[in-house]
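Me: I am new to reading protein models and keep meeting words like "buried" and "salt bridge". Could you go through this one with me and show how such words are earned?

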Amino acid sequence: GGVGKYHDSFIVKFTPDGKYLGQIGKANASKGSLDTQNVRGVAQIRFQNNEMILADGYGNKRVSVWDATTLKFKRMWGAYGKKPDDTPIPHYDVNSPQFGNPMHCAQPSNDGLIYACDRTNNRIQVFKTDGTYLRQHIVKPNTRGDGAPWEIAFSRDPQQKYLYVADGSNM
């Protein structure tokens, strides 16, 4: 629900010169956030240690992790590291038991953590790479519209001392 026709349920892998190498999923085949064969409306793909970390995101309500070479599913999690849930719930709840749509970023850091942007719940949740929940950071909790944490980036120093947050609704 809520995902327009332009979203789909697959990712295609090519060489830099355009040779097809394989794909995750099939067109319009997603069975929801617990599907281990398809994605749905991925907002972001990041790579770390031969894994693809997906903000799986506009259709699903999860972080999903796939092998970057074989494209096989490895693991997934929802808010607070729990099993993802597609039950419709209201937006704008910093204590929501599930991610909202879109779950917009899943950014790995140098210290082995993953920072997930739960846009319409106005929060960033932090996980170990296995999906273990560590903490959350609330970003402008009264934000409405498209939500607050649209994207994040880390400073380029080795310790990544600073976390930059692109807060789209509040500009």
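Me: Why is Leu71 called buried?

Reply: In this predicted model, Leu71 has a relative accessible area of 10%. Buried means under 20%, so Leu71 with its 10% earns the word. You will find Leu71 in the loop between β5 and β6.

Me: What makes the phi of Leu71 worth a remark?

Reply: Leu71 has a positive phi of about 65°, although this residue is not a glycine. Most residues other than glycine have a negative phi. Tyr80, in the loop between β6 and β7, is also not a glycine and has a positive phi of about 60°. Asn49 takes a positive phi near 50° in the hairpin of β3 and β4, which has 2 residues between the strands.

Me: Why is Tyr80 called partly exposed?

Reply: Its relative accessible area is 23%. Partly exposed covers what lies between buried, under 20%, and exposed, over 50%, so Tyr80 at 23% belongs there.

Me: What makes the peptide bond from Asn101 to Pro102 stand out?

Reply: The omega of this bond is near 0°, and the bond is cis. Most peptide bonds are trans. Pro102 sits in the loop between β6 and β7.

Me: How do you know that Lys74 and Glu51 form a salt bridge?

Reply: The closest N and O atoms of Lys74 and Glu51 are 2.8 Å apart. The cut-off is a Lys or Arg side-chain nitrogen within 4 Å of a carboxyl oxygen of Asp or Glu, so this pair qualifies at 2.8 Å. Lys74 is in strand β6 and Glu51 in strand β4, 23 residues apart, and the pair links distant parts of the chain. Lys74 is partly exposed at 41% relative accessible area, whereas Glu51 is buried at 12%.

Me: What makes Glu51, Lys74 and Arg75 one network?

Reply: They are joined by salt bridges that share partners. Besides the bridge to Lys74, Glu51 meets Arg75 in a salt bridge of 2.8 Å, N to O. Glu51 lies in strand β4 and Arg75 in strand β6, so this pair ties together parts 24 residues apart in sequence. The whole structure holds 4 salt bridges.

Me: Which residue forms a salt bridge with Asp56, and is Asp56 buried or exposed?

Reply: The partner is Arg62, with the closest N and O atoms 2.6 Å apart. Asp56 is buried, with a relative accessible area of 0%, and Arg62 also counts as buried at 0%. Asp56 is the bridge partner of Val42 in β4 as well; strands β3 (residues 42-48) and β4 (residues 51-56) pair in the antiparallel sense over 6 bridges.

Me: What makes Ile53 fit for a nonpolar core?

Reply: Core residues must be buried and of a listed nonpolar kind, Ile being one. Ile53 has a relative accessible area of 1% and is therefore buried. The largest nonpolar core has 12 residues, among them Ile53, Val63, Ala106 and Ile114. The elements giving two or more residues to this core are β4, β5, β7 and β8. Ile53 lies in strand β4 and touches residues including Val63, Ala106 and Ile114.

Me: Why can Phe10 belong to a surface patch?

Reply: Patch residues need over 30% relative accessible area, and Phe10 has 31%, so Phe10 passes. Phe10, Val12, Phe14 and Tyr20 form the nonpolar patch, with about 360 Å² of accessible area together.

Definitions and conventions
Residues numbered from 1 in each chain as written. Predicted model: local features only at pLDDT ≥ 70, side-chain atom pairs only at ≥ 80, totals over all residues. Heavy atoms only, no water. Patch = residues over 30% accessible without salt bridge, like charges linked within 9 Å, V, L, I, M, F, W, Y side chains within 5 Å. Areas by Shrake-Rupley, 256 points an atom, 1.4 Å probe, with all protein chains shown as cover. Buried < 20%, exposed > 50% of the residue type's maximum accessible area, 1.4 Å probe, protein only. Pairing = 2+ DSSP bridges. Helix = DSSP H or I, 4+ residues; strand = E, 2+ residues; numbered from the N terminus. Core = buried A, V, L, I, M, F, W, Y, C linked by side-chain atoms within 4.5 Å. Contact = heavy atoms within 4.5 Å. Lists of a residue's contacts leave out its neighbours within four places in sequence.
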